[in-house]
Amino acid sequence: MAKTVERSLPLEPPPVRISRTLHAPRELVFTAWSSAYHVKRWFAPDGFTVPQAKVEMRVGGPFEILMRAPDGVEHWARGKFVAVSKFDRLALDLTVEDVKGHALFRAYTEANFSDTLGGTRLDVTQTYTVLDPDAAWMVTGAPQGWAETLDNLSAELRRMQEPSDAGRSVVHTSFTLERTYDAPVERVYLALSDEAAKAKWFGGAEGQWRLMERSMDFRVGGHEHLRGRWESGVVSTFDAIYHDIVPNERIVYAYEMHLDGRKISVSLATMQIKPAGPGRATLKVTEQGAFLDGYDDASSRESGTGFLLVKLGASLSD
């Protein structure tokens, strides 16, 4: 429905301030802001959906969500984290755009977390700068929109605390990535099969992830284990078993991923190495995954694998 433009609305309307007591630990409330998986479930008013999101909780990390209204109209909120104080405070500098990339208004968002009787007090302040006067009407609905959004956050926190056997589901997906490296086949195979060589590249980004446990028994039937804590506080665990090994040619393994003790996926991975000219090799990675019980953020797995393959390439030059 078309909106009547109210030219009298200020280009810098008053900030919206809203507080809510959420019946969950402060660490869990903070975690609900920390990943696309959670944000897609609650960061929108009633009737809206978030079909796409990219969230990397670190200063300078992206916070990008696509909101779809009940009538199908879509808007992007794109920006980045400008402050992250673990379990205490977040600040986001966002710009709301239409689907053509036209900027409508800025929304500087601050969230403060504190312990209170019954759980966590969340205080949100959002400050606006209208960039397109024709979009000023959108800001006037922000107080109601935030109230509904925090209702959805409350529902997501309840879901996060429920037993995992509620709402069972499986989403299947697959992807293939190829990278060619300036290193011989034998060197690439070593980076995949030797624990010390693999430790140089197989893990989270420096400064965003801290190693907790690592072990590797590279043989058919052998196990690999990796556990680390992300900057957001979330603990991820990788557990694999090797099923097929052809030296310098092929590795096949199955692995499970857990977040904070919750199993989120089971995957089959195949790595194939082939010569790509003198002193060069091509690595082909194919994964077939089953994402469990609502955790269907398969695009993040593919992009994360791509990130690891870049780190692998960097390790080959050491």
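**Close-up views of the predicted model**

**View 1. Trp 209 and the pairing of strands 9 and 10.** In this predicted model, Trp 209 is placed opposite Trp 230, a residue of strand 10. Strand 10 covers residues 223-230 and pairs with strand 9 in the antiparallel sense, over 7 bridges.

**View 2. The open sheet and its edges.** The sheet is open and is formed by 7 strands, whose order is 8-14-13-12-11-10-9 with antiparallel pairing. Its edges are occupied by strand 8 (170-181) and strand 9 (209-216); each has a single partner strand, so one side of each lacks a neighbour in the sheet. From one strand to the next, the twist averages 15 degrees.

**View 3. Helix 5 against the sheet.** Helix 5, comprising residues 185-193, packs on the sheet. The strands touched by helix 5 are strand 8, strand 9, strand 11 (235-246), strand 12 (250-259), strand 13 (262-275) and strand 14 (281-292). The direction of helix 5 makes about 160 degrees with that of strand 13.

**View 4. The largest nonpolar core.** This core has 43 residues, and those with the most contacts inside it are Trp 33, Phe 63, Leu 122, Trp 146 and Leu 153. Helix 4 (residues 142-161) supplies the largest share of the core, 6 residues. When neighbours within four places in sequence are left aside, Leu 153 is in contact with Leu 22, Ala 32, Trp 33, Trp 42 and Leu 122.

**View 5. Another nonpolar core.** Apart from the largest core lies another, of 33 residues. Phe 175, Tyr 181, Ala 191 and Tyr 242 are among the residues of this core.

Key. Residues are numbered from 1 along each chain as its sequence is written. This is a predicted model: local features need pLDDT of at least 70, side-chain atom pairs count only at pLDDT 80 or more; totals for chains, interfaces and linings use all residues. Side-chain values use heavy atoms; hydrogens and water are left out. A nonpolar core is a set of buried Ala, Val, Leu, Ile, Met, Phe, Trp, Tyr and Cys residues joined through side-chain atoms within 4.5 Å. Buried means under 20% relative accessible area, exposed over 50%, partly exposed in between (1.4 Å probe, protein chains only). Helices (H or I, at least four residues) and strands (E, at least two) are DSSP runs, numbered from the N terminus. Contact means heavy atoms within 4.5 Å. Two strands pair if DSSP finds at least two bridges between them. Axes are lines fitted to C-alpha atoms, for helices over the stretch in contact, and angles run from 0 to 180 degrees between N-to-C directions.
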